[in-house]
Amino acid sequence: MAKYKKRERQELLLEKVSTDPFLTDERLAEMFDVSIQTIRLDRLELNIPELRERIKHVAREETDKIRSLSLQEVIGEIIDLELNHHALSLFIVEEGHVFQKNRIARGHYLFAQANSLCVAVIDEPLALTKSAQIEFIRPARLGDKVISKAVVEKMDGRIAVIAVESKIEQRLIFKGRFEMYYTGEGEENG
């Protein structure tokens, strides 16, 4: 990429971050062929928050839509949600999520991210996992950013079928097919 003048770079930086709020300072530095420090200074001048704050902002907007879970029950942060259609979440693998010996994420966290995304995407007050067929394809490691996408394939009666794929940097690491039981308001007692 060609070198840009400061003003030009900052305009492009604003555009890139508004299009993809999940770009890291490292990735932006590569894109603009400048140092990470230059990107951080540009962000400060432009009042662009750091990555973690940008993620939290997007997550807050999306989690307001969820009916079946509280924010504390979602594993990962919801970053896109169209109820009864699809949902996207981000889970950053941290120290408490990995085996100490090899720094690989414990599988139940990846399953929980996918499962809670399936519950969140259903626009009903109660959604429970009926069954799941899952496959772990490759490990996630400490510091990885896992993006999970859930797509509702069908909703029939009280059963929803949802396909989930989890990726790290566009590489598939986990996939599953979930059957979810759901009920409307007041139906769960009858």
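Reader: What makes D25, E26, L28, A29 and F32 in α2 count as meeting α3?

Author: In this predicted model, these α2 residues meet I36, I39, R40 and R43 in α3, and contact is taken to be heavy atoms within 4.5 Å. The residues of this contact divide into 5 nonpolar, no polar and 4 charged.

Reader: Why are α2 and α3 called roughly perpendicular to each other?

Author: The axes of helix α2, residues 25-32, and helix α3, residues 36-46, come within 8 Å and cross at roughly 105°. Angles of 65 to 115 degrees count as roughly perpendicular, and α2 and α3 are therefore described in that way.

Reader: Why is R9 called buried?

Author: R9 has a relative accessible area of 9%, and the cut-off for buried is under 20%, so the name applies to R9. R9 has its place in helix α1, residues 6-19, and, not counting residues up to four places away in sequence, R9 touches Y4, F32, V34, T38 and D42.

Reader: What makes strand β1 and strand β2 a pair?

Author: Pairing requires at least two bridges, and strand β1 (residues 77-82) is joined to strand β2 (residues 86-92) by 5 bridges, so the requirement is met and the two strands run antiparallel. Among the facing residues, L81 has A87 in β2 as its bridge partner, while I78 stands opposite S89 in β2. The hairpin formed by β1 and β2 has 3 residues between the strands, and N84 there takes a positive phi near 65°.

Reader: How do you know that β2 is largely enclosed by the rest of the structure?

Author: The conclusion rests on the count of buried residues: 5 of the 7 residues of β2 are buried, so this strand is largely enclosed by the rest of the structure. β2 also pairs with β4 in the antiparallel sense over 7 bridges, with L90 standing opposite I147 in β4.

Reader: What makes β1 and β3 the edge strands?

Author: Each of β1 and β3 (126-136) pairs on one side only, in an open sheet of 6 strands whose order is β1-β2-β4-β5-β6-β3, with antiparallel pairing. From one strand to the next the twist averages 20°. Within the sheet, β5 and β6 run antiparallel and are joined by 10 bridges, and V161 has E179 as its bridge partner in β6.

Reader: How do you know that α5 packs on the sheet?

Author: α5 touches β1, β2, β3, β4, β5 and β6, and its direction makes about 45° with that of β6. An angle of 65 to 115 degrees would be needed for roughly perpendicular and one under 35 degrees for roughly parallel, so the direction of α5 relative to β6 falls among the oblique ones.

Reader: Which residues touch the most other members of the largest nonpolar core, and which elements give two or more residues to this core?

Author: Of its 30 residues, I122, A140, V146, I162 and M180 touch the most other members. The elements giving two or more residues to this core are β1, β2, α5 (107-121), β4 (145-156), β5 (159-168) and β6 (171-183), and the largest share, 7 residues, comes from α5. Leaving aside its neighbours within four places in sequence, A140 is in contact with V93, R103, I104, A105, L110, V146, I168 and I173. Apart from this core lies another, of 10 residues, among them L13, L28, A29 and F32.

Terms used: Residues are numbered from 1 along each chain as its sequence is written. This is a predicted model: local features need pLDDT of at least 70, side-chain atom pairs count only at pLDDT 80 or more; totals for chains, interfaces and linings use all residues. Side-chain values use heavy atoms; hydrogens and water are left out. Axes are lines fitted to C-alpha atoms, for helices over the stretch in contact, and angles run from 0 to 180 degrees between N-to-C directions. Helices (H or I, at least four residues) and strands (E, at least two) are DSSP runs, numbered from the N terminus. Angles under 35 degrees count as roughly parallel, over 145 as roughly antiparallel, 65 to 115 as roughly perpendicular and the rest as oblique. Ala, Val, Leu, Ile, Met, Phe, Trp, Tyr, Cys and Pro count as nonpolar, Asp, Glu, Lys and Arg as charged, and the others, Gly among them, as polar. A nonpolar core is a set of buried Ala, Val, Leu, Ile, Met, Phe, Trp, Tyr and Cys residues joined through side-chain atoms within 4.5 Å. Buried means under 20% relative accessible area, exposed over 50%, partly exposed in between (1.4 Å probe, protein chains only).
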